[in-house]
Amino acid sequence: MLEISRLDAYYGNSRALQNVDIRVPDGGFLSIIGRNGVGKTTLLRAILGLMDRTRGSIRLDGVEISGMPTYRRARAGIGYVPQGRGILPRFTVAENLRMGTFARDETRPPVDEAFIFSLFPVLKERLGVRGGNLSGGQQQQLAIARALLSSPRIILLDEPTEGIQPNVVEQIETVIRRLNKELGITIVLVDQDIAFARSASDSFAIIDKGRVVAGGPVSDLTDDLVNRHMAV
Ligand SMILES: Nc1ncnc2c1ncn2[C@@H]1O[C@H](COP(=O)(O)OP(=O)(O)OP(=O)(O)O)[C@@H](O)[C@H]1O
């Protein structure tokens, strides 16, 4: 269970998140939605310990992680697929994948590499290619595979289908569903695609101006809420 209580996050003196309360049970799938610039990325960064200043509580399976450095949060089982993918362009696919294994806590069994390559066969074909020479869709697959290699219990994904060709979008969405349904990995997804949020997730949270303004089971995600908080 990921439990976030009364979380505030700051850039300098400017408060980007205010009083955020979110709960995601083990094996759950939460979609975080909202317009551009409302604080969705900031929330993922705060969960990971990448913000300079936060207040409030972040608990993973009852353990307070908000005081921990990022690498310890990763070892506690939080994987991250950042916006823009964050792969290392001069490193090969194989080297980028190896980076993911560094974040794994020895107490959790490694994810079967064959399973990862069955999800992303193209990565196996391109192990020696530099990350920077992959297409956008392949880079996104690499970012997800790298996160998986840390054997996470929970994966935070920030707009994983942004700027990706439609045929690859479907493939990536299928993989995200399988990680949740077949491996039981808890998913926290930031996405603008409401149709995917509705079909894949079991709960949602809408963020507006740094606050959670609506949330609950995904069946409560009405068109009215979407229009009110997503329309420009
Ligand atoms: N490094 C930074 N320094 C100062 N302010 C920032 C910084 N990064 C983001 N902000 C501000 O914090 C607020 C929330 O930004 P955030 O990136 O979390 O939004 P978002 O909902 O993820 O938007 P997007 O969908 O565009 O990524 C915005 O007002 C943004 O301008």
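Which residues have the most contacts inside the largest nonpolar core? In this predicted model, the answer is Ile 32, Ile 155 and Ile 187, and the core they belong to has 61 residues. Helix H6 chips in the most, giving 6 residues to this core. As a general point, nonpolar side chains tend to be buried together in soluble globular proteins. Ile 187 makes a handy example of what goes on in there. Leaving aside its neighbours within four places in sequence, Ile 187 touches Phe 29, Ile 155, Leu 157, Ile 176, Leu 179 and Asn 180.

Stepping back, the protein is built from 9 helices and 10 strands. Its C-alpha atoms fill a box of roughly 45 × 35 × 35 Å along the principal axes. A compact globule of 232 residues would have a radius of gyration near 17 Å, and the protein agrees with that, since its own value is 17 Å. Of the 232 residues, 41% count as buried. Contacts also reach well along the chain: among those with a separation of 6 or more, 68% are between residues 24 or more positions apart.

Now for the sheet. Six strands make up an open sheet with mixed pairing, in the order E6-E7-E8-E3-E9-E10. Strands E6 (78-81) and E10 (211-217) sit at the edges; each has a single partner strand, so one side of each is left without a neighbour in the sheet. On average, and ignoring direction, neighbouring strands here are turned by 15 degrees against each other. Within the sheet, strand E3 (residues 29-33) runs parallel to strand E8 (residues 186-190), and 4 bridges link the two. Phe 29 has Ile 187 in E8 as its bridge partner, and Phe 29 is also one of the contacts of Ile 187 listed earlier. Helix H7 (residues 166-181) packs on this sheet, touching E3, E7 and E8, and its direction makes about 150 degrees with that of E8. Helix H6, meanwhile, lies across E6 and strand E7 (154-158), running at about 170 degrees to E6.

Another set of strands starts right at the beginning of the chain. Strand E1 (residues 2-11) and strand E2 (residues 14-24) run antiparallel and are joined by 7 bridges. Leu 7 stands opposite Val 20 in E2. The hairpin of E1 and E2 has 2 residues between the strands, and Gly 12 takes a positive phi near 60 degrees there. E1 also has strand E4 (residues 53-60) as an antiparallel partner, again through 7 bridges. In that pairing, Asp 8 is matched with Arg 55 in E4.

Helix H3 (residues 93-102) gives a nice look at how a helix can have a buried side. Its buried residues are Val 93, Asn 96, Leu 97 and Gly 100. These four end up on the same side of H3 because they cover an arc of only 100 degrees around the axis. What covers them includes helix H5 (121-125) and helix H6 (136-148). So is Glu 95, with its 15 C-beta neighbours inside 10 Å, buried or partly exposed? Glu 95 is also in H3, but it counts as partly exposed because 15 neighbours fall short of the 20 or more needed for a buried residue. The C-alpha atom of Glu 95 is separated by 24 Å from that of Gly 163, which is 68 residues away along the chain.

Methods:
Residues are numbered from 1 along each chain as its sequence is written. This is a predicted model: local features need pLDDT of at least 70, side-chain atom pairs count only at pLDDT 80 or more; totals for chains, interfaces and linings use all residues. Two strands pair if DSSP finds at least two bridges between them. A residue is buried if 20 or more other C-beta atoms lie within 10 Å of its own, exposed if 12 or fewer, and partly exposed in between; C-beta atoms are placed from the backbone. The arc is that of the directions from the helix axis to the C-beta atoms. Two residues are in contact if their C-beta atoms, placed from the backbone, lie within 7 Å. The radius of gyration is taken over C-alpha atoms; the globule rule is 2.2 Å times the number of residues to the power 0.38. A nonpolar core is a set of buried Ala, Val, Leu, Ile, Met, Phe, Trp, Tyr and Cys residues joined through C-beta atoms within 7 Å. Axes are lines fitted to C-alpha atoms, for helices over the stretch in contact, and angles run from 0 to 180 degrees between N-to-C directions.
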